[in-house]
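Biologist: Could you take me through one part of this model up close? I'd like to hear how the side chains there fit together, in plain bench language.

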Amino acid sequence: MALPPKAEQVLGLLTPERGRVFIQELLASMQTSQAQNDLRPMLNVVEAWYRTQVLQSDPDYQVSVKRARRLQRPVHGQTVEELRQQLA
């Protein structure tokens, strides 16, 4: 099974450590793809890593991450237990 061109692009942009993680995920997804006779599991892994690299290559990425962390607001919602009581 040949690697999609995006997989080679992603691998070329990763540090050695991140490259190992990518390869591990890619190999696992290739086994799943082969077992299911369906390339989608492998293609999904490649696409997720590719999109992550595109996002992180944005010059404003680090600034945006810092700003988002500063602006995080608490989530106001219900706990699972509160929902159970409400629905009971």
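Before that, which helix has the lowest mean pLDDT among the elements of the chain, and which the highest? After that, please zoom in on the salt bridges around E47 and whatever sits beside them.

Modeller: Sure, and keep in mind that this is a predicted model. Helix α5, residues 80–87, has the lowest mean pLDDT among the elements of the chain, at 87, while α2 has the highest, at 96. For the chain, the mean pLDDT is 91, and 99% of the residues reach 70 or more.

Now to your spot. K6, E47 and R51 are linked in a network of salt bridges. Take the K6 side to start with: the closest N and O atoms of E47 and K6 are 2.8 Å apart. That pair ties together distant parts of the chain, with E47 in helix α3 (residues 40–56) and K6 in helix α1 (residues 5–13), 41 residues apart. Neither partner is buried, because E47 has 23% relative accessibility and counts as partly exposed, and K6 is partly exposed as well, with a relative accessible area of 29%.

On the R51 side, E47 makes a salt bridge whose closest N and O atoms are 2.9 Å apart. Here both residues belong to helix α3, and since they are 4 residues apart, about one helical turn separates them. R51 counts as exposed, at 57% relative accessibility. In general, side chains of opposite charge can pair when their charged atoms come close.

K6 has something else going on too: K6 lies over the face of Y50, at 4.5 Å from the ring centre. Y50 also turns up next to V10, which touches F22, V46, W49, Y50 and Q53 once residues up to four places away in sequence are left out.

V10 brings us to the nonpolar side of the story. V10 is part of the largest nonpolar core, a set of 10 residues: A7, V10, L14, F22, L26, M30, M42, V45, V46 and W49. Helices α1, α2 (16–36) and α3 each supply at least two residues of this core, and α3 gives the most, with 4 residues. As a rule, nonpolar side chains tend to be buried together in soluble globular proteins.

A glycine is worth a look while we're here. G19 is found in helix α2, and G19 is buried, with a relative accessible area of just 6%. Leaving aside neighbours within four places in sequence, G19 is in contact with L11 and L14, and L14 is one of the core residues. G19 and W49 are 30 residues apart in sequence, and their C-alpha atoms are 10 Å apart in space.

To put your network in context, the count comes to 4 salt bridges. Among them is R40 with D38, with the closest N and O atoms 2.8 Å apart. The two ends of that bridge contrast in accessibility: R40 is exposed, with a relative accessible area of 56%, whereas D38 is buried, at 19%. As for ring-to-ring pairs, the structure holds 1 aromatic pair.

So if you're turning the model on your screen, start from E47, which bridges to K6 and to R51, then go from K6 to the face of Y50, and from Y50 to V10 in contact with it.

Notes: Residues numbered from 1 in each chain as written. Predicted model: local features only at pLDDT ≥ 70, side-chain atom pairs only at ≥ 80, totals over all residues. Heavy atoms only, no water. Salt bridge = Lys/Arg side-chain N within 4 Å of Asp/Glu carboxyl O. Buried < 20%, exposed > 50% of the residue type's maximum accessible area, 1.4 Å probe, protein only. Phe/Tyr/Trp six-rings, centres within 6.5 Å; stacked < 30°, edge-to-face > 60°. Lys NZ or Arg CZ within 6 Å of the ring centre and 35° of its normal. Core = buried A, V, L, I, M, F, W, Y, C linked by side-chain atoms within 4.5 Å. Contact = heavy atoms within 4.5 Å. pLDDT = per-residue confidence, 0-100.
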